[in-house]
Amino acid sequence: MTVFRAFAPWVISLAVLLLLPAVTSGSAVSVINVIAIHIVFALSYNMLLGQGGMLSFGHAAFFGLGSYAAIHAMNAIGDAAYAGTGFWAHFPVFLLPLVGFAGGALVALVVGWPFCRRAGTAFAMITLGLGELVATGTQMFPSVFGGETGVFSNRMVGPVWFGLELAQPADVYWFMAFWVFAAVLAMWAFTRTPLGRLSNAVRDNPDRMQFIGYPPRNVRFLVFIASGGMAGLAGGMAAVNYEIVTPESLSLLASGLALLMAAVGGLGIFYGPIVGAILVTVMNSLLSDYTDAAVLYVGLVFLAVVLFAPSGLAGGIEHVRQAWHGKQVAAKAPRWLAGTLSVTALCMALVLAVELVYLLSHGTDKLADTLGMELDASSPLPWAAVILLLATGYGLWRLTAKSLEATS
Amino acid sequence: MLETIVFSTLNGVLYGLLLFMLSSGLTLIFSMMGVLNFAHASFYMLGAYFAYALGLHIGFWPALFLAPCLVAVIGAVVERYGLRRVHVNGHVAELLFTFGLAYVIDELVHLFWGSIPVSYVPPDYMQNALFTLFGTDYSIYRGVTMMIAVFMFAALWFLLKKTRVGMMIRAALTHGDMVGHLGHNVPRLFMGVFGFGCALAGLAGVIGGPLLNTEPGMAQTLGPIVFVVVVVGGMGSLIGAFYASLLIGLLQTFFVAFDASIADLLGVFGVQADPYGEVTGITLASLAPMTPFILLVLILIFRPRGLMGELEP
């Protein structure tokens, strides 16, 4: 039974990966491919922040440089396959994420040692500096980074593995499914190694680690390399998916995305960043079809999670799971329901307010148009609805908090 | 040559003083609460946009005073209902909160004012020449900006060193608990300092907006540089932040002004290099945006406490 428990999540996720193409179609597949990239990226980020306690603002440097390594390798495969000789002629595109891994790990190996002396603010600042340096530095070497437009390539070259010619997004899906499963498994296995355990210990009490003979700097450095490598692997997946790498993939914005996904999902739990990556990617790609304020909503969700749910979405899932095991679901369900209602009311109020402001300042509003609603920002009616929703949400919230105090 | 040096120095000092306005607030907040406020540059942007929006209705000068006050109120609210709440979850949570806040403020500015620059300009009479050197005008507005910055520096020094509130702030920086035990309301003091720091950033936005373009990307361009100033000067050291601001301001303007390439530099030492090569053709001007970050990384590696700081971050 316990063996089954340990394997169940892997078996279930494998089954989901195998069945997913049967139930999705067309454009959804390309969103899923992006989700796969982001899952690996967010998990690699959490190796630093969640497992090792190192807040990084330059993680995209490894993602982007790994991406560039992979795209140049892809071009090399194309050239060598045309000539028919050389090492690259026998290198399948399928294995390109490994090139990305090597690229990211190598960069981390070269720059990492001076960075890992301290965690905390110093580490945050020095990685911010690295991220900005790499992002501005790319503009100076157009032959390597392709200037503003980036580097193009073609993934349908070289030896074909598993019959995947990678012509269609559906082909790319199997490539993504393999690599996301392998990478998640590898990163989970990493948390079980002595090094993974040591990184948790360094996060919690570096002085004590030094005292018992494990210099925190060495542990941080090794984790930094592993994490940089995994970010590079995600970059390699991105290179195959998009067939183009632009300097944007190294920017502060991309680093922020990793942080956003990991924190929204939950830093303390292994699968947290996976949940975060799925949610944030879906929000980013779907919301922009319906509203112009998509980025604002993602930011607000992030802020709300940091303020009110520090353990993230995965923390909420764990909470429910524990209640399930403790047979407390019946007792807690009314409070959950009230909490959900209150959050829904508050969200609706916020969305309505944001879209009204949008209507006022820009004249039109995409969300109202999509829903076929006739919004009039100059009349007091919608604003009254905002206030009513806010009051309802806040009232329900107070009630829930009161009942929580009463029971505990 | 002399002309370039004089004007680069003037512009560099002006840019440095603006940077100092931003970084003084940030470093005050950091030394008091131990939190690096990622949204600090966003408050600078809010200052510029508020001054623009208010200036349309009440004129330039009243807006100059009112906009920083508004930013201060927003800052105080953020501290009271945001930062204080996440404080219990530790420093990482605080950093995450300010990071998210910067994100949201940037998007709100997009929402209210659109994504193209707004035409925030000082009154016409201030565009006139204050003095003319080498045939180039130096506008009254730049002179006034410099005056305001110097005045602010003096006022800040007076406030911190000569007043009772300043004494309480300085005491709370090092012995927060003790100040609390003596019956002062330290959380309220924190809220005040946070609001005041944000107001300084807002003031920098109000007077810097017309000089450096008022657009939604202005926080993102200046934000990381302000961090560099605070780290290079030494976390929590006002005087260090002052020197670091001037240093970075001068460095960046001089790099842009002297359009020499690496090949030219090598030529001075008698080495012949291809002036159009990929590496040797890099100009100092294109290095300018990188210099603050090179400085940041070097300082953190070789002197983590910064130029004048006493504590390592």
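**View 1. A:E243 sits in the loop between helix 10 (216-242) and strand 2 (244-245) of chain A.** The model shown in this and every other view is predicted. The backbone is the point of interest here. Most residues other than glycine have a negative phi. A:E243 has a positive phi instead, near 60 degrees, and is not a glycine. Is A:E243 buried, exposed or partly exposed? There are 16 other C-beta atoms within 10 Å, so A:E243 is partly exposed.

**View 2. A:R117 lies in the loop between helix 4 (96-115) and helix 5 (120-137) of chain A.** A:R117 has 17 other C-beta atoms within 10 Å. Buried would need 20 or more, and exposed 12 or fewer. A:R117 is therefore partly exposed. A second residue belongs in this frame. A:R220 is 103 residues away from A:R117 in sequence. In space, their C-alpha atoms are 8.2 Å apart.

**View 3. B:I116 is placed in the loop between helix 4 and strand 1 (129-133) of chain B.** With 8 other C-beta atoms within 10 Å, B:I116 is exposed. Which residue, 101 residues apart from B:I116 along the chain, is shown with it? The partner is B:G217. A distance of 9.4 Å separates the two C-alpha atoms.

**View 4. A:V40 and B:L22 touch the most other members of the largest nonpolar core.** This core holds 193 residues. Its largest share comes from helix 1 (residues 2-33) of chain B, which gives 14 residues. Now look at A:V40. Leaving out residues up to four places away in sequence, A:V40 touches A:V180, A:A183 and A:M230. A:V40 also touches A:L233, A:A234 and A:M237.

**View 5. Helix 3 (residues 60-86) of chain B packs against helix 8 (residues 186-212) of chain B.** Two packed helices are described by the angle between their axes and the distance between the axes. Here the angle is about 140 degrees, and the axes are 7 Å apart. Why are helix 3 and helix 8 of chain B called oblique to each other? An angle must be over 145 degrees to count as roughly antiparallel. The angle of about 140 degrees falls outside that class, so helix 3 and helix 8 of chain B are oblique. The crossing is right-handed. The residues of this contact divide into 19 nonpolar, 4 polar and 3 charged.

**View 6. Helix 3 of chain B also packs against helix 4 of chain B.** The angle is about 140 degrees, with the axes 8 Å apart. Helix 3 of chain B is therefore oblique to helix 4 of chain B. Their crossing is right-handed. Helix 3 of chain B brings B:V78, B:G82, B:L83 and B:V86 to the contact. Helix 4 of chain B brings B:A93, B:E94, B:F97 and B:L101. By class, the contact has 6 nonpolar, 1 polar and 1 charged residues.

**View 7. Chain B meets chain A through 37 residues of chain B and 34 residues of chain A.** Which helices of chain B each supply at least two residues of the side that touches chain A? They are helix 3, helix 4 (91-113), helix 9 (218-233) and helix 13 (291-302). Helix 4 of chain B gives the most, with 15 residues. This side of chain B has 28 nonpolar, 5 polar and 4 charged residues.

How values were computed. Residues are numbered from 1 along each chain as its sequence is written. Chains are lettered from A and ligands numbered from 1 in the order in which they are written. This is a predicted model: local features need pLDDT of at least 70, side-chain atom pairs count only at pLDDT 80 or more; totals for chains, interfaces and linings use all residues. A nonpolar core is a set of buried Ala, Val, Leu, Ile, Met, Phe, Trp, Tyr and Cys residues joined through C-beta atoms within 7 Å. Helices (H or I, at least four residues) and strands (E, at least two) are DSSP runs, numbered from the N terminus. Two residues are in contact if their C-beta atoms, placed from the backbone, lie within 7 Å. Axes are lines fitted to C-alpha atoms, for helices over the stretch in contact, and angles run from 0 to 180 degrees between N-to-C directions. Angles under 35 degrees count as roughly parallel, over 145 as roughly antiparallel, 65 to 115 as roughly perpendicular and the rest as oblique. A crossing is left-handed if the near helix is turned anticlockwise from the far one by less than a right angle, and right-handed if clockwise. Ala, Val, Leu, Ile, Met, Phe, Trp, Tyr, Cys and Pro count as nonpolar, Asp, Glu, Lys and Arg as charged, and the others, Gly among them, as polar.
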